[in-house]
Structures are given as C-alpha cells and as structure tokens.
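Here is a walk through a model of protein chains, from the interface to the cores and then to the finer contacts. Keep the structure open as you read.

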Amino acid sequence: MGFLDISNVTKSYGNIEVLHHVDIAVDEGEFLVLVGPSGCGKSTLLNMIAGLEDITSGGISIKGRVMNGVHPSKRNIAMVFQSYALYPNMTVGQNMTFGLEMHGVAKPERDKALADVAKLLQIEQLLDRKPGQLSGGQRQRVAMGRALVREPDVFLFDEPLSNLDAKLRVDMRTEIKKLHEKLKTTIVYVTHDQIEAMTLSTRIAVMNDGYVQQLGTPKEIYDTPSNLFVATFMGSPAMNILPAKVSMIEGVPHAEITNGAGQTASLRFSQANMADWAGKEVLLGIRPEALTDPEGADRKSRNIVTLQNAVDVIEPAGADTFVTTTLGDVAVIARMRADSDVASGQMFDFAVNMEKAVVFNPKTEKRIAP
Amino acid sequence: MAAATQDTAVSSGKITRVFIYLVLLLSALFYLLPFFVMVVNSLKPLDEITGGNMMALPQTWTIEPWLKAWSTAQIGVEATGLKPYFLNSILMVVPAVVISTGLGALNGYVLTKWRFRGDTILFGLLLFSCFIPFQIVLIPMATILGKIGLAGSIPGLVLVHVVYGVGFTTLYYRNYYASFPNELVRAAMIDGAGFFRIFWRIMLPVSGPITVVSVIWQFTNVWNDFLFGASFGGQTQPMTVALNNLVQSSTGVKEYNVHFAGAILAALPTLLVYIVAGRYFVRGLMAGSVKG
C-alpha cells in the first residue's frame, strides 16, 4: 500500500476503454513521471488523480483515503497546468492565495504562507503584478508557487515545461528537481519528453495505448526496457533495432547480422540465456552509445566486438559525432567522440558493446535478454 | 532595386490613405447631417422653421422647445410632457438589461464549462428564440401576462424583454466563454471554488468586453422597442410610445421644434450608452491568463 495508490484503474468514454487496468503504488516523497506519446492516457490518469475526471472502475487512494468521487478541492492535491492557468484578473499574490482563501484560511496565515513560498521561489518582487505582465518563466514559477502554498499531499504537474523555450526549460527542470530534493514532496508529473522523465523522476511509468508499458527507475527503463516500444521511446537518438539470427559458435551464442556489404558478421552474446534461442530470429537492440569508435568504447566492458562497416553520413553535434551506417539492412546510428577520425563514405571500425545489448522476441516484441 | 520599390509602395500608400480618409469623412457627414438638422431645429422658434431654411442655424436661440417636450407638451390626453414616460422607460430598461445580461452570462458559463447531455440542443433552442418575430408572440404573451397578473405594468414589460433578450445574451456569452481556457476553471475547482464562486471571481471579472456588447445591444433594443411597449404598456407606456403620441397628434399646430427635441430626448440614453461603454470594447482583458 503506497502513499498514493492507483489500483486496477480503468477509464472508458462510452464503449471505448482508453485506460486499461493501471496499477501504480507511489511512495511518500517519490517523483513519479508518466511519460508517453500523445493520446497514451497519461493526462487522463493525472486528471483522475486530481478528480477532474471520473474513475470508471478501480480505485485511487491518497494516504489510505479512497478518493473515488471526492471533490478535487477535498483531496489535498495541487496541480500545475500546462498553460499555467493563472487567474488573469488577480495579482500574483492573490493568485497564489486564492486556494487558501477558498479553504477558509485566515488572512494573516495566508500572508505568511505566501511570503514563505515567494521567498523560496524568489518571486517576492512580483507579488503585486498581474500575470499579463510576467514572462513565461515567471508565470511558470507563480504557477508552482500557487501549488506550493497549499502544502498538499500530492503535487500534480501536467506538462508544465512544454510552453517554455529550450534553454528556460532546462533551467526550470533543474529547479523542479532541486525543489523536490529540498521539500521531499510526492509528485506525479506528466510529460511527453523522455529526457524530462529521465532527469526528474525517481520512477517512470512509460505509457502507450492506455497501458502502462513499464514501471521502473530511470536506469531500469533505460537499460532493460521491457518491450520494443519502451526501448525505442526512451533515449535520444532512439535505440537501434536490427534483425539478427542466433547461432552457436563453439558452444557460445552469437548474433549473426548482415553488414553493409551484405556479408555476415557474428557478435558474441554476453547473455547466457540466448543459447535457448539458437537457430531463431531475434531483434537486437543497441543504444547509439554502445556502438562507437574503438577508442571511445567502454573500457569496463568485457565484451566489445569490433566490426568494419561503411559510414553513410556523419553529423557532428559538438560534444558527440553521430554516425549513420547500415547494419542488418536498417540505418543504424552510432555515437562517437567528437574528435574521432571518421569520414563519410569510408570503411570504419565500429566497436559494439555487446554487454549493453538488449534482445527482443520479434513476435511478441518483449525483451528476452538481459 | 529594393529602394525604388519601397518608394512606389510609400506613395501609393499615401494615395490610398487620402482616399480612405475622404470616404470616411463623407460617410461621417452623411450620418451626422440628420442629427445636425434635428439639433438645429430643436433650438429654433417654430416660425423660423415654418418660414425658412431647415439647414440654417437659428437666428434666435431658444431652449423653449426642449422644456416643452420634456414637461408640458400634450401627450395623448394629458399635458405632462415626456418626463413620466422617460421615467417609465428607465424603470423598464434597467432591470430588463441587468436581468437578461446576468442570465445570459450564467447560461453561457453553464453551456461551456459545465457541459451536460443535450446542452447543444438546448443552446440551439435558445438561439432559435432570436429568430421568432415579435408579432407572432403578441397574443400568447398577452394571455400569459394577464394570467400572472402583470398585464399593463412595467414588471410585465421587463419580463417580456428579458424573455426575448436571453437568447441573444446567451449567444454572446456562450461564444465568449467558449474561448475561455477550461484549465482556469479546473484550477479554480482544485483551489476549492464552487459553481458560483468560479463564476463570480474568475469568469465575470474577465467578461468586460462581452458585457459591454450585451448591455449595448439589450439597452438599445429594449429602449427602442415600440411594439411591446404599445401592446403591453397599459398606463405605463415607455418613451417610444409617448414620442409617437406626441408627433402623431392630429390636432393643433405641428410643433416641429418640440418634436425634434422630443426625438433627441428619446434617442439620448442609447447615444450615451454608446459613448460611455464603447471604449471598453477594445480592452483586452484576457491578456496573460495563459501563455502569451
């Protein structure tokens, strides 16, 4: 039983079920991120926690109190909206204390709470302004301040950073993380940005088509994605997925792939259970950083396989150089050091870190190793 | 040749601009001319009108026609002037505008933020009331007013105008609130504000522009209405009916100067509403609620 318990929750509109049997238990102080493409049901789930949407079946409880049918204002939650939803006719201070006023908190206490939060967020000088006079980043702070003032059990964030420009978004991301580490509050955060999910969360729920595809720590999600969707959705550039055949060479399982020239290359598996798949087709998942130049390969790995292949395109990105090559008849992206001497059109030695390889069943798309 | 093109753009812009101002000026004169005639002639003694040029300024200025129209002119059988009828109109128009605008705002709020099954059909029906001609409802309305004991009274007229106005005001507010962000309502719900509190504290304060539109529309329509006033006014007839009785009287000398003054008196309140409220039309009160 968690602090926030979502148990077997479904949501239907008429006959169409949009959320299927979601089970998530969130502990106190956790930062849970719901991530997924648009239409996956993440915002619907958040709205159900907030009480803005009805729960079709199942139950949501906060601190052991069942929340089904409880009015949003009586759940002791606070929500930060994508558009900030600041009341345009009120000053920043009035915006932030509106919730307390509605809950019948006396003026001196409201003012004290406001002063504390304004200090925390460094928006003391903005309190008398109207939202229209604020910049995007300031509005964002005020929206968070409005949530903080209430001292709720659970904070709900609905894509709060997606209206900010790229630089400000990174700054605010750090700020939210700092705030969470300082206040140790329970947060449920919805985003479609997998980098936000990775950097902010203590746990991630990856959602697609109304199902929770995987629930785990950022490292679990990244290193051992439970299926092909999670593997390709999390990480940028996306994980390379190439068809391979498992063959036994001297009693050790190898992945046989075709290289750009049409020849077969054998990559030794580190995962012992791959012997069960001998002679069968699998999908081999390799992250771009596990496919690199020999000098840049992970020195701690005990299974680096080098193979020669033609370079199709190189994209210098400053810190890294992304190299596109063809393996197993698909375009594959490798991440190399910025000063590796790679040139397009030439043959190059690619180092594959097979310890980090993830293998999927091509029929069910589920992970079979590691 | 960027510079050359810019030159021609500027000079052709000037020509267009002169043309635009010319058209605007002519239109303004065209619309102001009748008003000029009315004002000028209402300030002349009657013999100047009957004996001479309608367009000329008065040779002897007088406000006698205004005073007469206001307090001593013969309206129907009594020489009361327009004063009591003006009061009737005020007593009718203020509650009618306030109630119909208030109901329209509430309707618009419910139809956009508290959606329910069949709300679009209900809105369609309300909208339909805008297209029903006045004449059709005269007899049923008279029956109903008689049955509820409001026939021939100001409250009766207020009721008639509220019923007729609510379709329009609902249309205005519904369309205005449709673009009002739902997230604000949701935020207020989480903050603990109830149905009326959200309406009063969140929606109404930003409804300035549409309230001005609604008030101008309703005020003008109710004030200028003649048919309902004549049909249901009884002893408490509004200004429009009284003006008709003043101007259409078939006995005695036609006092054109008094008629002009009376007509201006009858039109003055609507004119005033435009002048006072018109500037609020353009105020963007929604700025900054969501991302800008």
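Contact here means heavy atoms within 4.5 Å. On that basis, 31 residues of chain A and 23 residues of chain B take part in the contact between them. The model is predicted.

Start at the interface. Its size can be put as an area: chain A and chain B bury about 2300 Å² between them. Carbon and sulfur atoms account for 59% of it. Which residues of chain A supply the most? Tyr87(A), Pro88(A) and Met102(A) give 24% of the area that chain A buries against chain B, more than any other three residues. Charge plays a part too. Two salt bridges are found across the interface of chain A and chain B. Arg150(A) forms a salt bridge with Asp191(B), with the closest N and O atoms 3.5 Å apart.

Now go inside. In soluble globular proteins, nonpolar side chains tend to be buried together. The largest nonpolar core here has 58 residues. Among those with the most contacts inside it are Ile24(A), Leu156(A) and Ile198(B). Helix α8 (residues 182–191) of chain B gives the most to this core, with six residues. Another core lies apart from it, with 43 residues. Leu127(A), Leu148(A), Val206(A) and Val230(A) are among them.

Look more closely at Ile24(A). Leaving aside neighbours within four places in sequence, its contacts include Leu4(A), Leu45(A), Ala205(A) and Leu215(A).

The aromatic rings come next. Over all chains, 24 aromatic pairs are found. One of them joins Tyr177(B) and Phe180(B) edge-to-face, at 6.4 Å centre to centre and 80° between the planes. Tyr177(B) and Phe180(B) are both buried. Ring pairs also link Tyr109(B), Trp114(B), Phe195(B), Phe196(B) and Phe199(B) into a cluster. Rings meet charges as well. The charged end of Arg174(B) sits over the ring of Phe123(B), 4.3 Å from its centre. In chain A, the charged end of Lys280(A) sits over the ring of Trp277(A), 5.4 Å from its centre.

Turn to the salt bridges. There are 18 over all chains. Lys107(A) and Asp111(A) meet in one, at 3.2 Å from N to O. They are separated by about one helical turn, because they stand four residues apart in helix α3 (residues 107–121) of chain A. Other bridges span more of the sequence. Asp223(A) forms a salt bridge with Lys356(A), the closest N and O atoms being 4.0 Å apart. That pair links distant parts of the chain, 133 residues apart: Asp223(A) is in helix α7 (residues 218–223), and Lys356(A) is in the loop between β19 (347–353) and β20 (358–360). Lys219(A) joins Asp223(A) and Lys356(A) in a network of salt bridges. The loop between β19 and β20 also holds Glu355(A). Its side chain meets that of Arg302(A) in a salt bridge of 3.1 Å, N to O. Arg302(A) is exposed, at 73% relative accessibility, while Glu355(A) is partly exposed, at 29%.

Finish with the backbone. Where is the cis peptide bond to Pro237(A)? That bond runs from Ser236(A) to Pro237(A), with omega near -5°. Pro237(A) lies in the loop between α8 (228–233) and β11 (240–249) of chain A. Asn8(A), in strand β1 (residues 4–13) of chain A, has a positive phi of about 55° although it is not a glycine. Lys184(A) also has a positive phi of about 55°, and it is found in the loop between α5 (166–183) and β8 (186–191) of chain A.

Key:
Residues numbered from 1 in each chain as written. Chains lettered and ligands numbered in written order. Predicted model: local features only at pLDDT ≥ 70, side-chain atom pairs only at ≥ 80, totals over all residues. Heavy atoms only, no water. Core = buried A, V, L, I, M, F, W, Y, C linked by side-chain atoms within 4.5 Å. Buried < 20%, exposed > 50% of the residue type's maximum accessible area, 1.4 Å probe, protein only. Helix = DSSP H or I, 4+ residues; strand = E, 2+ residues; numbered from the N terminus. Phe/Tyr/Trp six-rings, centres within 6.5 Å; stacked < 30°, edge-to-face > 60°. Lys NZ or Arg CZ within 6 Å of the ring centre and 35° of its normal. Buried area = accessible area lost by both parts, 1.4 Å probe.
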